[in-house]
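User: Please look closely at one helix in this model, and at how it sits among its surroundings. I would like a connected account that I can follow with the coordinates open.

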Amino acid sequence: MSDSRMGPDRFREVVLTAAERPDSAEPPRSMLAVGLSLLATGVALFLIWQTVSSLLIVFAGVLFAALLDAAARALASIVPISRAWRLTLVLLLLSALSGFGMAWGAGKLPEQTRLLLKVMDTQLDVLQEHLLSYGVDLLGPEWGRDFAQWLFADQGRFFSHAQFLLGGASSFLSAVLVILFLGILFAFDPTGHRESVVMLVKHSYRARARAVMDEMGGIMRLWFVGQLVRIVLMTLCVWIALYLIGLPGPFVLGLQAGLSNFIPYLGPIVAAIPIALVAMPLGASLLIWAVVIYTIIQSIEGYVIGPLIQRQAVEIPPAWTLVAIVLLGSLFGVLGIALAMPLVAIGRVAIIRFYVEDYLGDDPRPATIASDQS
């Protein structure tokens with residue numbers, strides 16, 4: 001009897017207790033939080049996709065700020081002044097070097113460029129003659145030797161091309177100015193800009209986020225300085241080598257070979273094409289010498305000097321770097337190709353620190369050591 005009387009009371013007690021529990025409202029709240037998180041993530045990805053070109057320009061500005069910061073740090077042991085004055089001195093030195101380079105290049109580059117165009121024009125004539133000997137009229141009877149006809153045959157087409165070139169040049173100059181000013185602003189107040197990002201995370205996690213961002217900054221500094229060293233070395237070596245074998249326009253060819261190192265793997269291959277095209281009409285022996293010398297210089301730089309310079313900054317398997325270059329290049333063009341390696345480098349740091357170490361609780365170093373030993 002007592003059990004039967006206690007049955008309804010016990011049921012009522014259980015129902016009231018369950019109704020008073022805060023966990024009873026947890027499933028709807030958790031579902032709502034998950035839905036809002038997915039919606040916010042989708043909106044953020046959509047906004048990133050729509051503004052990715054501008055974001056890449058901002059990232060290029062951050063890289064330029066890393067270069068300025070590296071130069072200011074290097075001057076700390078030489079010039080014992082405040083950081084702001086060291087940055088000002090670095091900007092003055094860069095401006096002076098840029099002005100000297102432009103003044104010197106204004107007298108050298110047009111002459112060598114005209115010489116290279118003349119060589120290319122001669123090569124087209126030779127190609128046309130070889131094709132005509134096989135009955136192939138690729139360029140037409142009157143178009144093989146006059147570039148002016150290609151440019152001015154259709155005035156409407158010429159003006160459309162001119163408008164396109166002017167628009168592209170203005171966009172390029174605007175992007176360069178934005179990168180320069182962003183780099184200067186970031187470099188003069190790196191702590192303030194870093195803290196404006198760190199404040200978006202939990203207070204207990206800010207020290208960790210600050211440490212990871214400082215590590216990313218160090219990687220960007222080392223990468224950019226290493227790239228500049230590689231570009232200068234490659235330009236000088238190719239310039240001197242092509243000058244010694246008597247190839248026309250050695251400085252222009254050396255400069256484009258050096259700048260091509262900004263794009264790993266694909267850049268050096270593309271840079272070899274102008275050298276071969278310029279040397280081809282000058283004889284087989286000069287073509288062989290030019291290709292062999294460029295291949296030797298590029299091999300030494302790519303397999304010896306480059307890894308020694310960049311091993312402290314970028315520790316990424318070559319296959320992943322090439323995949324990033326192909327994907328970012330197909331999605332975002334030349335700027336994506338140029339910034340692929342630093343993006344992958346800092347992305348690797350973020351994944352290892354935030355996901356592998358903090359979320360998974362794993363330490364990637366033993367696996368790395370084991371793979372190196374194997």
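Analyst: A starting point is helix H9, residues 250–260, which is largely enclosed by the rest of the structure because eight of its eleven residues are buried. In this predicted model, the buried residues of H9 are Pro-250, Phe-251, Val-252, Leu-253, Gly-254, Ala-257, Gly-258 and Ser-260. For the wider setting, the protein chain has 15 helices and zero strands, and 28% of its 374 residues count as buried. Among the contacts in the chain with a separation of 6 or more, 65% are made by residues 24 or more positions apart.

The nonpolar interior comes next. The largest nonpolar core has 31 residues, of which Phe-59, Leu-63, Leu-68, Met-220 and Leu-339 touch the most other members. Two or more residues of this core come from each of H3, helix H4 (83–133), H6, H8 and H14, and H3 contributes the most, with twelve residues. Leu-63 shows how such packing looks from one side chain: once residues up to four places away in sequence are set aside, Leu-63 touches Met-220, Trp-223, Phe-224, Leu-339 and Pro-342. Apart from this core lies another, of 16 residues, and Ala-257, Ala-271, Ile-275 and Ala-290 are among its members. Ala-257 is also one of the buried residues of H9, which ties that helix to the second of these cores. In soluble globular proteins, nonpolar side chains tend to be buried together.

H14 deserves attention in its own right. This helix, residues 340–359, has a kink of about 30° centred on Ile-352, and Ile-352 is itself buried, together with Ala-340, Met-341, Pro-342, Ala-345, Ile-346, Val-349 and Val-356. Pro-342 in this list is one of the residues touched by Leu-63. After H14 comes Gly-361, which has a positive phi, near 70°. Ala-350 also lies in H14, but its relative accessibility is 22%, so Ala-350 counts as partly exposed, the cut-off for a buried residue being under 20%. Leaving aside neighbours within four places in sequence, Ala-350 is in contact with Met-216 and Tyr-355. Its C-alpha is 9.6 Å from that of Glu-215, although the two residues are 135 apart in sequence.

The second largest pocket offers another view of these helices. About 980 Å³ of space lies in this pocket, and of the 24 residues that line it, Val-62, Arg-194, Met-213, Gly-217 and Met-220 are the closest to its centre. Two or more lining residues come from each of helix H3 (52–75), helix H6 (155–188), helix H7 (190–198), helix H8 (206–245) and H14. By character, the lining divides into 14 nonpolar, four polar and six charged residues. Met-220 thus appears in two settings, because it is among the residues closest to the centre of this pocket and also among those that touch the most other members of the largest nonpolar core, a set made up of buried residues.

As a last point of comparison with the buried residues of H9, Leu-308 in helix H11, residues 284–310, is exposed, with a relative accessible area of 52%. The C-alpha atoms of Leu-308 and Gly-226 are separated by 9.4 Å, while their positions lie 82 residues apart along the chain when counted as a separation in sequence.

Key
Residues are numbered from 1 along each chain as its sequence is written. This is a predicted model: local features need pLDDT of at least 70, side-chain atom pairs count only at pLDDT 80 or more; totals for chains, interfaces and linings use all residues. Side-chain values use heavy atoms; hydrogens and water are left out. The bend at a residue is the angle between axes fitted to the seven residues ending there and the seven starting there. Helices (H or I, at least four residues) and strands (E, at least two) are DSSP runs, numbered from the N terminus. Buried means under 20% relative accessible area, exposed over 50%, partly exposed in between (1.4 Å probe, protein chains only). On a 1 Å grid over the protein atoms alone, a cavity is a set of points where a 1.4 Å probe fits but cannot get out, and a pocket is an open set with protein on both sides within 12 Å along at least five of seven lines; lining residues have an atom within 4 Å of a point. Grid points are joined across faces, edges and corners, and a volume is the space filled by probe spheres set on the points. Ala, Val, Leu, Ile, Met, Phe, Trp, Tyr, Cys and Pro count as nonpolar, Asp, Glu, Lys and Arg as charged, and the others, Gly among them, as polar. A nonpolar core is a set of buried Ala, Val, Leu, Ile, Met, Phe, Trp, Tyr and Cys residues joined through side-chain atoms within 4.5 Å. Contact means heavy atoms within 4.5 Å.
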